[in-house]
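Hello,

Here is the structure I promised to pass on. My notes follow below it.

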Amino acid sequence: MAPVKVFGPAMSTNVARVTLCLEEVGAEYEVVNIDFNTMEHKSPEHLARNPFGQIPAFQDGDLLLWESRAISKYVLRKYKTDEVDLLRESNLEEAAMVDVWTEVDAHTYNPALSPIVYQCLFNPMMRGLPTDEKVVAESLEKLKKVLEVYEARLSKHSYLAGDFVSFADLNHFPYTFYFMATPHAALFDSYPHVKAWWDRLMARPAVKKIAATMVPPKA
Ligand SMILES: N[C@@H](CCC(=O)N[C@@H](CS)C(=O)NCC(=O)O)C(=O)O
């Protein structure tokens, strides 16, 4: 059977979310680069894959999907085994906790952390824009409050949804990976349980493999 295809640059955070899930389940896949410089993401071919002209897009035979979290969940359901079950859908309560912390990543953690990544890394290194230190300072204050909640949670459980690694943890990988390349990475040292959780995630073979494809621009 032809491998599934992920469309988009491998270093993109939303692409990395999908490829990490594919690695975790051991699926065969191909990453097809989409060139933003030539506006390939707005080409008719790509708009047929994602009508919003964004990456990632995903193809499995006749099935075309977009939205990185929806694609990832498709992957985790399709390739689920007794050994690799990252959504925990056979257990109502565990699945609900996976959903809770997946939502926390999307709506609370990421909005606090990602502006720091944009200001310290993506804007200066990829767009030639200066770092807005006011945005960074405000975001750091927001992030500290979020990390206090994470510290309390992770002092009771080894992973966010419970004592098992899940999609909720994996979702945190792409932006946190880039955050660790900013001058503010040491912030995590103040939250020992969060730091230990992050180190556990980074030690996963699938995470190491995807991290190697991301290569953060030097701050
Ligand atoms: N919610 C979407 C966000 C996708 C997204 O924002 N992709 C960006 C790159 S990371 C993009 O394609 N930007 C180009 C554009 O919006 O025109 C997902 O998770 O897949």
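**Ligand site and cysteines**

A polar side-chain atom of S68 comes within reach of the ligand, at 2.6 Å from one of its oxygen atoms. With the ligand bound, the protein covers 71% of the 510 Å² of accessible area that the ligand has on its own. Bear in mind that this is a predicted model.

Two other side chains make polar contacts with the ligand. In K42, a polar side-chain atom lies 2.8 Å from a ligand oxygen atom. In Q54, a side-chain N or O atom is 2.8 Å from an oxygen atom of the ligand.

Where does the ligand sit? It occupies the largest pocket. The residues around the ligand are S12, N14, F36, H41, K42, G53, Q54, I55, P56, E67 and S68. By class, that shell divides into 3 nonpolar, 6 polar and 2 charged residues. K42 and E67 are the charged ones.

Now the cysteines. How many disulfides are there? The count comes to 0. A disulfide would be a covalent bond between the sulfur atoms of two cysteines. Are C21 and C120 buried or exposed? C21 has a relative accessibility of 1%, so it counts as buried. C120 is at 9%, under the 20% cut-off, and therefore buried too.

Best regards

Conventions. Residues numbered from 1 in each chain as written. Predicted model: local features only at pLDDT ≥ 70, side-chain atom pairs only at ≥ 80, totals over all residues. Heavy atoms only, no water. Near = heavy atom within 4 Å. Polar contact = N/O pair within 3.5 Å; in protein donor to acceptor, adjacent residues only side chain to side chain. Areas by Shrake-Rupley, 256 points an atom, 1.4 Å probe, with all protein chains shown as cover. 1 Å grid on protein atoms, 1.4 Å probe; cavity = no way out; pocket = protein on both sides within 12 Å on 5 of 7 lines; lining within 4 Å. Sits in = over half its atoms within 2 Å of the grid points. Disulfide = S-S within 2.5 Å. Buried < 20%, exposed > 50% of the residue type's maximum accessible area, 1.4 Å probe, protein only.
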